[in-house]
Amino acid sequence: MAEPRLIPRIHAALRVRHYSRRTEEAYVGWIKRFIFFHNKRHPASMGPDEVNAFLTSLAVDGHVSASTQNQALCALLFLYREIYGAPLPWMAELVRARRPVRLPVVLTPEEVKAILAQTSGTTHLMLTLLYGCGFRLLECLRLRVKDVDFRRGEVFVRDPKSRRDRITVLPKSTIEPLRHHLDRVRQLHLRDLADGWGAVILPTAMSRKVPNAPRDWQWQWVFPASRRWKDANGNESRHHVHESYLQRAIRDATRAAGLNKRVTCHTLRHSFATHLLERGQDIRTVQELLGHRDVATTMIYTHVLQMGAKGVRSPADAL
């Protein structure tokens, strides 16, 4: 099997194009599944028929969503286009699933308040920032000390999903709790330094350019993990809080609040955008705060605004 030679080539091709690590893991995973689906045949010996057979199996037998099917297709397109240089004409024969247009789940301000009331401490602070800043989950977890500007009431979001940095608002209600939280985190960082550790992972080659930066306070995570971890070389450091921590917290808080909606961390981001529009904020400002590349993406929240009462009286009320 050619996997030992092929997989490193895929990893290298993805990294040289600066794909995110999560995309890299997903693409390699789909390519491996494609190879094993066809009994370990080498991808160079296969073409559009085998790709369509794999995608059909995902949809018919695996019952995957359209977005999952398209992610698998993108992984295989990358394989044949970037690794094997396959011609574009046969790629046009591949079937791309149609993604349904779905409206996001949005909470009312009262429901947000009810969920937050079920949490406390750091969990409460993190969920409040998800809602008050319009963060994606990982944007909150990957926040560094230097990205919080208390004087201007802003938060700098670096290297988000769209790879376009942006500035969003810092809620005034979180300023004092966040200051106290950072005081505790700094004490934790000082203890790590005293133990001979205290370094964090930095983006790109920053640790080589600025050797002292990994231990510098400004580069530390705002929400570090409670335990240190060791890399392959045996060096200890702290990662940020794992995403499952907040995912589990909001699920438990929603259940405790008695809500029957399917609420995730991203629901708070949807609610942030919708509530800004309800308060009369212009859509271009909301687009910038969310970091959307196209205003059409932000327009989905105008459809949410048209739901519910909106001045419309149901005919059932006239019976």
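**Figure 1. The largest cavity has a volume of about 100 Å³.** Welcome to this predicted model; our tour starts inside the protein. Lining the largest cavity are 13 residues, and those closest to its centre are His189, Asp192, Gln220, Pro224 and Arg238. Which element gives the most to this lining? Helix α9 does, with four residues. At least two lining residues come from each of α9, β4 and β5 (236–240). Sorted by class, the lining of the largest cavity holds six nonpolar, four polar and three charged residues. How many cavities of 30 Å³ or more does a search of the whole structure find? The search returns one.

**Figure 2. Arg228 and Asp195 meet through their side chains in a salt bridge.** Take a look at the N to O distance here, which is 3.7 Å. The pair ties together distant parts of the chain, 33 residues apart: Arg228 belongs to strand β4 (residues 224–230), while Asp195 sits in the loop between α9 (175–194) and α10 (206–209). Arg228 has a relative accessibility of 29%, so this residue counts as partly exposed. The pair also has company, as salt bridges with shared partners join Asp192, Asp195, Arg228 and Arg238 into one network. Two members of that network may be familiar from Figure 1, since Asp192 and Arg238 are among the residues closest to the centre of the largest cavity.

**Figure 3. Arg15 and Glu24 form a salt bridge.** In this close-up, 3.0 Å separates the closest N and O atoms of the two residues. Is each partner buried or exposed, or something in between? Glu24 is buried, at 2% relative accessibility, whereas Arg15 is partly exposed, with a relative accessible area of 44%. For the wider setting, the structure holds 16 salt bridges.

**Figure 4. A salt bridge links the side chains of Arg41 and Glu50.** The N to O distance in this view is 3.6 Å. Arg41 has a relative accessible area of 35% and is partly exposed. Its partner Glu50, at 18% relative accessibility, counts as buried, because the limit for that class is under 20%.

**Figure 5. Ala59 of helix α3 touches Val64 and Gln69.** Helix α3 covers residues 48–60, and Ala59 lies within this helix. What separates the C-alpha atoms of Ala59 and Gln69 in space? The answer is 7.0 Å, for two residues that are 10 residues apart along the chain. The contacts of Ala59 with Val64 and Gln69 leave out residues up to four places away in sequence. Ala59 itself counts as partly exposed, with 32% relative accessibility.

**Figure 6. Helix α7 has a span that agrees with expectation.** This helix runs over residues 121–133, which makes 13 residues. Why does its length agree with what a helix should give? At 1.5 Å a residue the expected span is 18 Å, and the end C-alpha atoms of α7 are indeed 18 Å apart. Many friendly landmarks can be picked out along the helix: buried residues of α7 include Thr123, Leu125, Met126, Leu127 and Thr128. Further along, Leu129, Leu130, Gly132 and Cys133 are buried as well. Just after α7 comes Gly134, which has a positive phi, near 75°.

**Figure 7. Thr174 touches residues Leu125, Thr128 and Leu129.** Leu125, Thr128 and Leu129 are among the buried residues of α7. Where is Thr174 found? Thr174 is in the loop between β3 (166–169) and α9. At 2% relative accessibility, Thr174 counts as buried.

**Figure 8. The second largest pocket holds about 300 Å³ of space.** Its lining is made of 14 residues, and nearest the centre lie Tyr131, Gly132, Phe272, Leu276 and Arg279. Two or more lining residues come from each of α7, α12 (265–278) and α13 (283–290). By class, six of the residues are nonpolar, six are polar and two are charged. Gly132 links this view to Figure 6, being one of the buried residues of α7.

**Figure 9. The whole protein chain has 15 helices and five strands.** As a setting for the close-ups, the C-alpha atoms fill a box of roughly 75 × 60 × 35 Å along the principal axes. The chain has 319 residues, and 45% of them count as buried. Among contacts with a separation of 6 or more, 60% are between residues 24 or more positions apart.

Technical notes
Residues are numbered from 1 along each chain as its sequence is written. This is a predicted model: local features need pLDDT of at least 70, side-chain atom pairs count only at pLDDT 80 or more; totals for chains, interfaces and linings use all residues. Side-chain values use heavy atoms; hydrogens and water are left out. A salt bridge is a side-chain nitrogen of Lys or Arg within 4 Å of a carboxyl oxygen of Asp or Glu. Buried means under 20% relative accessible area, exposed over 50%, partly exposed in between (1.4 Å probe, protein chains only). The expected span of a helix is 1.5 Å times one less than its number of residues. Contact means heavy atoms within 4.5 Å. On a 1 Å grid over the protein atoms alone, a cavity is a set of points where a 1.4 Å probe fits but cannot get out, and a pocket is an open set with protein on both sides within 12 Å along at least five of seven lines; lining residues have an atom within 4 Å of a point. Grid points are joined across faces, edges and corners, and a volume is the space filled by probe spheres set on the points. Ala, Val, Leu, Ile, Met, Phe, Trp, Tyr, Cys and Pro count as nonpolar, Asp, Glu, Lys and Arg as charged, and the others, Gly among them, as polar.
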